[in-house]
Amino acid sequence: MKRISAFLQNINRNLLLIICMIIIVSLSCNKKNPSSSATQVNNMVNYTGTFIKASSPDSSQANGTVTATFNKTTSQLSYAITWHSLTSVPVAMHFHDSGPVIVQFSGFPVNTDGSFSGVATLSSSQANDLANGLIYAMIHTKNYTAGEILAYLFQQ
């Protein structure tokens, strides 16, 4: 009887040790590196813009939005553009940096209402201008070749 009691105590002790080891290993495997995920979040900056009239007349009802996320680590700007009620079909779309075109879009829908998305890599100077509110999207149309609407990107 003493042997059986000692045997059961050893099993219970070993079982308890195994359960503790499993819990410790499980907790350590699920532990996230807080600095890693905090760094990832801190490297992403969200921007938004609302289209306003560029050279179109006051009677134009053209409107739309731009949303974008800039990754400071990769210098990539992911963007989505939506437009409505253009006076004619778009003939060109791009991002400007205080004037000059920096990212030309291709493959956008040639419709008076539509949406388009993409990714662009910015130079460090362009990234700095983005942070300072100097980058804008512009849509040029058949009726307004100088640009019908534009939207400056501002940090959210």
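Here are some worked exercises on the fold, the two sheets, one helix and one loop residue of this predicted model.

This being a predicted model, local features need pLDDT of at least 70 and side-chain atom pairs count only at pLDDT 80 or more, while totals for chains, interfaces and linings use all residues. Residues are numbered from 1 along each chain as its sequence is written, and side-chain values use heavy atoms, with hydrogens and water left out.

**Exercise 1. Get the overall layout: how many helices and strands are there in the protein, and in what pattern along the sequence?**

Step 1. Count the elements: the protein has three helices and 10 strands. Helices (H or I, at least four residues) and strands (E, at least two) are DSSP runs, numbered from the N terminus.

Step 2. Read along the sequence and you get α-α-β-β-β-β-β-β-β-α-β-β-β.

Step 3. Check burial: 33% of the 156 residues are buried. Buried here means under 20% relative accessible area, exposed means over 50%, and partly exposed is in between (1.4 Å probe, protein chains only).

Step 4. Look at the contacts (heavy atoms within 4.5 Å). Of those with a separation of 6 or more, 61% are between residues 24 or more positions apart.

**Exercise 2. Work out the strand order of the open sheet that contains β8, and say which strands stand at its edges.**

Step 1. The order is β2-β9-β8-β5-β6, with antiparallel pairing. Two strands pair if DSSP finds at least two bridges between them.

Step 2. Now the edges: β2 (52-53) and β6 (101-104) each have a single partner strand, so one side of each is left without a neighbour in the sheet.

Step 3. Go through the pairs. β5 (residues 90-97) meets β6 over three bridges, and H94 has Q104 as its bridge partner in β6. Seven bridges join β5 to β8, with M93 partnered by I139. Four bridges join β8 to β9, where Y136 stands opposite Y152.

Step 4. Check how well β8 is covered: seven of its seven residues are buried. I135, A137, I139 and T141 lie on one side, and Y136, M138 and H140 on the other.

**Exercise 3. Do the same for the open sheet that contains β1: what is its order, and which are the edge strands?**

Step 1. Five strands line up as β7-β4-β3-β1-β10, again with antiparallel pairing.

Step 2. The edge strands are β7 and β10 (154-155), each pairing on one side only.

Step 3. β1 and β10 are held by two bridges, and Y47 stands opposite Q155 in β10.

**Exercise 4. Find which residues touch the most other members of the largest nonpolar core, and which strand gives the most to this core.**

Step 1. A nonpolar core is a set of buried Ala, Val, Leu, Ile, Met, Phe, Trp, Tyr and Cys residues joined through side-chain atoms within 4.5 Å. The largest has 28 residues, and W83, F95 and F105 touch the most other members.

Step 2. At least two core residues come from each of β1 (44-50), β3 (63-71), β4 (76-84), β5, β7 (114-121), α3, β8 and β9 (149-152). The most comes from β4, with four residues.

Step 3. Zoom in on F105: beyond its neighbours within four places in sequence, F105 contacts Y79, I81, M93, H94, F95 and F116.

**Exercise 5. Place α3 against the sheet and explain where Q126 sits.**

Step 1. α3 lies across β5, β6 and β8 (135-141), at about 90 degrees to β8. Axes are lines fitted to C-alpha atoms, for helices over the stretch in contact, and angles run from 0 to 180 degrees between N-to-C directions.

Step 2. The buried residues of α3 are Q126, A127, D129 and L130. They fall within an arc of 160 degrees seen down the helix axis, so they line one face of α3. The arc is that of the directions from the helix axis to the C-beta atoms.

Step 3. Q126 belongs to α3 (residues 124-131) and has a relative accessible area of 17%. Leaving out residues up to four places away, Q126 touches D97, I102, T121 and I135.

Step 4. The Q126 side chain reaches the backbone nitrogen of S123 at 2.9 Å.

Step 5. After α3 comes G133, with a positive phi near 75 degrees.

**Exercise 6. Is N143 buried, exposed or partly exposed, and which residues does N143 touch?**

Step 1. N143 sits in the loop between β8 and β9. At 47% relative accessibility, N143 is partly exposed.

Step 2. Not counting residues up to four places away in sequence, N143 touches T87 and S88. The N143 side chain reaches the backbone oxygen of T87 at 3.2 Å.

Notes
A polar contact is a pair of N or O atoms within 3.5 Å; within protein, one must be able to donate a hydrogen and the other to accept it, and residues adjacent in sequence count only if both atoms are side-chain atoms.
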